[in-house]
Amino acid sequence: MSNAVKRSLLTGLRWTSLRLRLVVVFALVALTAAVSASGIAYWLNREAVLTRTQDSALGDFRQEMQGRAASLPLHPTRDDLQNAAVQMASSSPGYSVLLVDERDTGKPIVGNSDLDTFTLDNVPLSLQKAVDKKQPLGAGNKYEYHLFWQRTNIRGTPYLVGGTKIIGGGPTGYMLKSLDQERQDLNSLAWSLGIATGLALIGSALLAQAAATTVLRPVQRLGDAARKLGEGKLDTRLVVSGTDELADLSRTFNRTASSLEKRVADMSARDEASRRFVADMSHELRTPLTALTAVTEVLEDEADSLDPMIAPAVRLVVSETRRLNDLVENLMEVTRFDAGTARLVLDTVDVADQVTACIDVRAWLDAVDLDAERGMMVRLDPRRLDVILANLIGNALKHGGSPVRVAVRTEGDELVIEVRDHGPGIPEDVLPHVFDRFYKASASRPRSEGSGLGLSIAMENAHIHGGDITAANSPDGDGAVFVLRLPRDAETLTRSADGHDTGDQDEEGDAT
């Protein structure tokens with residue numbers, strides 16, 4: 001590395017480090033100052049607000065106790081206590097009153113201003129004991145009973161609870177003052193101080209940026225823009241100013257981004273048009289195909305009684321009509337996958353039964369060697385599993401060699417199905433493309449029965465389950481091996497809100 005390159009690298013590191021240090025130091029200083037000032041201001045205001053509210057309420061309560069409660073009869077009735085409590089609360093600065101006395105020993109009577117808001121259960125036991133405790137008289141204490149208070153929370157709301165007892169005989173009084181308004185005021189103050197702290201922190205960061213050098217700013221912007229472009233935000237552009245080399249680089253970047261965005265937009269439009277065309281074509285072909293299928297079924301039934309010169313043509317029409325019908329159904333299934341409308345219809349099934357049914361319905365029992373134990377229960381879409389198996393086994397029978405061996409096992413939370421044939425295997429240059437759409441390994445078989453969509457559809461059905469399919473040649477060189485892996489419970493992958501699949505057709509296995 002040359003000395004010039006080393007100096008350039010060290011200079012870049014030094015400037016970057018300086019910018020970082022300035023931002024950190026300015027932010028820490030501003031944050032420390034703002035938090036300290038805000039904390040002190042909040043604490044002082046909190047004590048001032050609570051003390052003012054508390055002194056006002058307790059002072060008024062003391063006067064009411066000395067005036068109204070002390071004037072009650074020696075043995076008041078419940079109505080006397082109730083009326084006194086209501087009068088005391090109505091003249092108070094927003095608190096509830098509870099008066100307690102005894103008509104007979106051990107038989108208390110209670111009067112309160114608001115039964116729903118304030119009962120004796122709302123008064124802490126420690127406060128009740130302090131209020132009822134007679135204080136020893138002395139030089140520093142002239143009264144037997146004092147006024148005590150306590151802050152408490154009732155159902156999430158802060159309250160001030162105070163209590164005292166009439167000296168010389170009389171009821172015990174308690175007051176309940178809500179501090180919810182004070183809490184809201186203090187919360188507003190805290191928010192204001194927090195915003196002020198945030199603004200101070202932002203201001204310090206801006207000041208640090210202004211104090212730092214701006215030489216590396218264009219390079220940083222170019223790097224950010226390149227990263228966004230790599231993330232797929234193709235509308236990213238740089239603001240170009242000046243005439244230096246960095247400005248020329250920014251202009252080149254903008255031209256490149258514009259060209260790339262146009263190319264991607266054109267490709268997306270063509271891709272979307274192609275998908276729409278395939279979907280529309282498939283739907284439009286279904287109606288005439290239905291009629292053709294009905295006609296070909298009639299012709300097939302009458303083929304044996306037709307002229308020997310015409311019968312081969314009739315059988316060819318029947319065969320090609322069925323092939324065309326399978327192709328259209330496969331194309332419709334592909335468009336459902338491309339549009340994201342394919343859904344799972346889950347059911348708990350025995351895998352051995354499903355594989356056996358798939359082989360039996362296609363009359364493959366004599367050509368397939370099945371190794372599957374009954375009782376392996378999995379939760380998946382039986383129809384889509386049938387499609388996967390039909391394509392894998394059908395492909396092995398057509399292009400591999402008999403017997404085809406199907407082995408089913410479980411590995412942890414996965415279901416593994418291995419399909420192996422005894423044919424010549426798959427050429428190495430073909431292996432990466434076996435699941436591509438319309439791909440055929442041999443160009444000499446353009447008119448084969450397969451559409452080139454079978455393995456692709458099988459892979460899509462595996463993916464919608466959260467699984468995968470791999471293709472490889474047998475290690476001993478005898479045939480190809482396809483391995484299907486599916487989760488044993490695909491419940492979490494169900495994307496349909498009502499649990500119904502949008503597809504209404506049952507695809508027949510189609511080999512490549």
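**View A. Y95 tucked away beside F61.** In this predicted model, Y95 is buried, at 4% relative accessibility. F61 is buried as well, and its relative accessible area comes out at 0%. This is one of the 2 aromatic pairs in the structure. F61 and Y95 meet edge-to-face, with 6.2 Å from centre to centre and 85° between the planes. The partners come from distant parts of the chain: F61 belongs to helix α1 (residues 3-67) and Y95 to strand β1 (residues 95-104), which puts them 34 residues apart.

**View B. F435 and F482, another edge-to-face pair.** Here the ring centres of F435 and F482 are 6.1 Å apart and the planes stand at 85°, so this pair is edge-to-face. F435 comes from the loop between β10 (414-420) and α10 (454-464), while F482 comes from strand β12 (residues 480-487), so the pair ties together parts 47 residues apart in sequence. F482 is buried, with a relative accessible area of 2%. F435 also counts as buried, because its 17% relative accessibility falls under the 20% cut-off.

**View C. R362 over W364.** Look for the charged end of R362, which sits over the ring of W364. The distance to the ring centre is 6.0 Å.

**View D. The largest nonpolar core.** This core has 37 residues, and V406, I417, I469 and L484 are the ones that touch the most other members. Several elements chip in at least two residues each, among them α8 (351-361), β8 (377-380), β9 (404-411) and β12. The top contributor is α9, with 7 residues. Zoom in on L484 and, leaving aside residues up to four places away in sequence, you'll find contacts with L385, I388, L392, L415, V416, I417, A462, D468 and I469. Set apart from this core is another one, made of 21 residues, including A57, M65, A84 and L160.

**View E. Helix α10, mostly out of sight.** Of the 11 residues in α10, 9 are buried, so the rest of the structure largely encloses this helix. The buried ones are G454, L455, S456, I457, A458, M459, N461, A462 and I464. One of them, A462, is also on the contact list of L484. Just past the end of α10 comes G466, with a positive phi of about 85°.

Note on methods: Residues numbered from 1 in each chain as written. Predicted model: local features only at pLDDT ≥ 70, side-chain atom pairs only at ≥ 80, totals over all residues. Heavy atoms only, no water. Phe/Tyr/Trp six-rings, centres within 6.5 Å; stacked < 30°, edge-to-face > 60°. Helix = DSSP H or I, 4+ residues; strand = E, 2+ residues; numbered from the N terminus. Buried < 20%, exposed > 50% of the residue type's maximum accessible area, 1.4 Å probe, protein only. Lys NZ or Arg CZ within 6 Å of the ring centre and 35° of its normal. Core = buried A, V, L, I, M, F, W, Y, C linked by side-chain atoms within 4.5 Å. Contact = heavy atoms within 4.5 Å.
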